[in-house]
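User: Hey, I'm new to this one. Can you walk me through it?

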Amino acid sequence: MLIHSSTSSLPPPSTTPEQQGDVAVLDRPEADTPWVTLVWNDPVNLMSYVTWVLQNHFGYRRAKAEALMMDVHTLGRAVVSTGTREKCEADTEAMHGYGLWATFQKDD
């Protein structure tokens with residue numbers, strides 16, 4: 001049984017969660033942190049194929065796709081997309097579907 005008291009510690013109805021120190025879902029630090037999809041260098045896929053995948057899946061122009069592919073080839077990886085966790089997870093799965101090595105993580 002719930003008993004209401006006149007000395008209740010509940011805030012008045014006009015008080016917002018921010019004023020009470022509660023954290024709203026949209027205020028979580030994780031929500032502010034963008035995610036990235038990384039494509040990693042591998043010994044199997046040709047550079048021309050990686051370029052083709054980046055152009056076809058992400059819609060990058062040839063020059064952008066080639067620049068990202070060269071980062072993969074020379075630096076070992078490249079960030080190929082950014083966004084929400086769900087978007088980057090979907091992009092990672094798509095890269096796996098093309099046979100590329102890919103991961104996603106929070107952007108630092």
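Analyst: Sure, here is a quick tour by question and answer. This is a predicted model, where local features need pLDDT of at least 70, side-chain atom pairs count only at pLDDT 80 or more, and totals for chains, interfaces and linings use all residues. Residues are numbered from 1 along each chain as its sequence is written, and side-chain values use heavy atoms, with hydrogens and water left out.

User: Cool. Which residues of α5 are buried?

Analyst: C88, D91, T92, A94 and M95 are buried in α5. Buried means under 20% relative accessible area, exposed means over 50%, and partly exposed is in between (1.4 Å probe, protein chains only). Helices (H or I, at least four residues) and strands (E, at least two) are DSSP runs, numbered from the N terminus.

User: Where do they sit around the axis of α5?

Analyst: On the same side of α5, because they cover an arc of only 160 degrees around the axis. That arc is taken from the directions from the helix axis to the C-beta atoms. The face turned away carries the exposed residues E86, E93 and G97.

User: And what do the buried ones pack against?

Analyst: The buried residues of α5 pack against β1 (35–40), α3 (47–58), β2 (77–83) and β3 (101–106). Contact here means heavy atoms within 4.5 Å.

User: How far apart are the end C-alpha atoms of α5?

Analyst: They are 18 Å apart, which agrees with the 18 Å that the 13 residues (85–97) should span at 1.5 Å a residue. The expected span is 1.5 Å times one less than the number of residues. Just after α5, G99 has a positive phi of about 90 degrees.

User: Switching to β1. Is it enclosed or open?

Analyst: β1 is largely enclosed by the rest of the structure, because five of its six residues are buried. Six bridges join β1 to β2, and the two run antiparallel. β1 also pairs with β3 in the antiparallel sense, over six bridges. Strands pair if DSSP finds at least two bridges between them.

User: Which residues stand opposite each other there?

Analyst: L38 stands opposite V79 in β2, and T37 stands opposite F104 in β3.

User: Tell me about T37. Buried or exposed?

Analyst: T37 counts as buried, at 0% relative accessibility. The side chain of T37 makes a polar contact with the side chain of S81 (2.8 Å). A polar atom of the T37 side chain also lies 3.3 Å from the backbone oxygen of C88. A polar contact is a pair of N or O atoms within 3.5 Å; within protein, one must be able to donate a hydrogen and the other to accept it, and residues adjacent in sequence count only if both atoms are side-chain atoms.

User: How many residues are in the largest nonpolar core?

Analyst: That core has 15 residues, and those with the most contacts inside it are V39, L54, V80, M95 and L100. The elements giving two or more residues to this core are α3, α4 (62–75), β2 and α5. A nonpolar core is a set of buried Ala, Val, Leu, Ile, Met, Phe, Trp, Tyr and Cys residues joined through side-chain atoms within 4.5 Å.

User: What does M95 touch?

Analyst: Leaving aside neighbours within four places in sequence, M95 is in contact with V39, V53, H57, F58, L100 and A102.

User: Last one: which residues of α3 are buried?

Analyst: V50, T51, V53, L54 and F58 are buried in α3. They line one face of the helix, because they fall within an arc of 160 degrees seen down the axis of α3. Their cover includes α4, β2 and α5.
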